[in-house]
Amino acid sequence: MNKRWTIHKIREFVEKNSDSKLLSTEYHGFSQKLEFQCACGNRFEKTFTKFKNNQQQKCDVCQPPKTSR
Ligand SMILES: [Zn+2]
């Protein structure tokens with residue numbers, strides 16, 4: 001099932017499911033990087049897909065990226 005995400009739904013999701021805030025005000029599609037603000041105050045960019053599905057909901061300082069092979 002494909003859910004259609006809007007910037008409002010994404011903001012709601014971010015607020016309910018993470019300590020981060022959504023800074024972006026527009027959403028153009030799943031490949032777009034959105035700007036977030038981590039609970040520590042750092043800003044970071046991620047696609048919503050990664051944020052939602054890969055649990056990458058913090059900045060690189062609080063949650064260092066896993067080294068991919
Ligand atoms: Zn952080």
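Here are some short exercises, with worked solutions, on a predicted model of a single chain.

**Exercise 1. Work out which secondary structure elements the chain has, and in what pattern they follow one another.**

Start with the count: the chain has two helices and three strands. Now walk along the sequence, and the pattern reads α-β-β-β-α. As for overall dimensions, the radius of gyration is 12 Å, close to the 11 Å that the globule rule gives for 69 residues, so the chain is as compact as a globular protein of that length. Along the principal axes, the C-alpha atoms fill a box of roughly 30 × 30 × 20 Å.

**Exercise 2. Find the strand order in the sheet, and say why E1 and E3 each have one side without a neighbour.**

Step one is the order: the open sheet runs E1-E2-E3, with antiparallel pairing. Step two is the edges: E1 (21-22) and E3 (43-47) each have a single partner strand, so one side of each is left without a neighbour in the sheet.

Step three is the pairings themselves. E1 pairs with E2 (residues 33-37) over two bridges, and Leu22 has Phe36 of E2 as its bridge partner. E2 and E3 pair over five bridges, and here Lys33 stands opposite Thr47 in E3.

Last, look at the link between E2 and E3: the two strands make a hairpin with five residues between them. In that turn sits Gly41, whose phi is positive at about 105 degrees.

**Exercise 3. List the residues of the largest nonpolar core, then see which elements each supply at least two of them.**

First collect the members. There are eight: Val14, Leu22, Leu34, Phe36, Phe44, Phe48, Phe51 and Cys59. Next, sort them by element: E2 and helix H2 (48-53) each supply at least two of these residues. Then pick one member and check its surroundings. Leaving out residues up to four places away in sequence, Val14 touches Ser20, Lys21 and Leu22. For the chain as a whole, 17% of the 69 residues count as buried.

**Exercise 4. Decide whether Ile10 is buried, exposed or partly exposed, and find its contacts beyond four places in sequence.**

Place the residue first: Ile10 is in helix H1 (residues 7-17). Now count neighbours. Ile10 has 17 other C-beta atoms within 10 Å; being buried takes 20 or more and being exposed takes 12 or fewer, so Ile10 is partly exposed. Skip the neighbours within four places and the contacts are Trp5, Leu22, Tyr27 and Phe48. Take Tyr27 from that list: Ile10 and Tyr27 are 17 residues apart in sequence, yet their C-alpha atoms are 8.7 Å apart in space.

**Exercise 5. Do the neighbour count for Asn17 and Gln55, and say what stands out in the phi of Gln55.**

Asn17 is also a residue of helix H1. With 12 other C-beta atoms within 10 Å, Asn17 is exposed. Across the sequence, Asn17 and Lys52 are 35 residues apart, while the C-alpha to C-alpha distance is 8.9 Å. For the chain's contacts with a separation of 6 or more, 11% come from residues 24 or more positions apart.

Gln55 lies in the segment after H2. Its count is 11 C-beta neighbours inside 10 Å, so Gln55 counts as exposed. As for the backbone, the phi of Gln55 is near 60 degrees, a positive value in a residue other than glycine.

How values were computed:
Residues are numbered from 1 along each chain as its sequence is written. This is a predicted model: local features need pLDDT of at least 70, side-chain atom pairs count only at pLDDT 80 or more; totals for chains, interfaces and linings use all residues. Two strands pair if DSSP finds at least two bridges between them. Helices (H or I, at least four residues) and strands (E, at least two) are DSSP runs, numbered from the N terminus. A nonpolar core is a set of buried Ala, Val, Leu, Ile, Met, Phe, Trp, Tyr and Cys residues joined through C-beta atoms within 7 Å. Two residues are in contact if their C-beta atoms, placed from the backbone, lie within 7 Å. The radius of gyration is taken over C-alpha atoms; the globule rule is 2.2 Å times the number of residues to the power 0.38.
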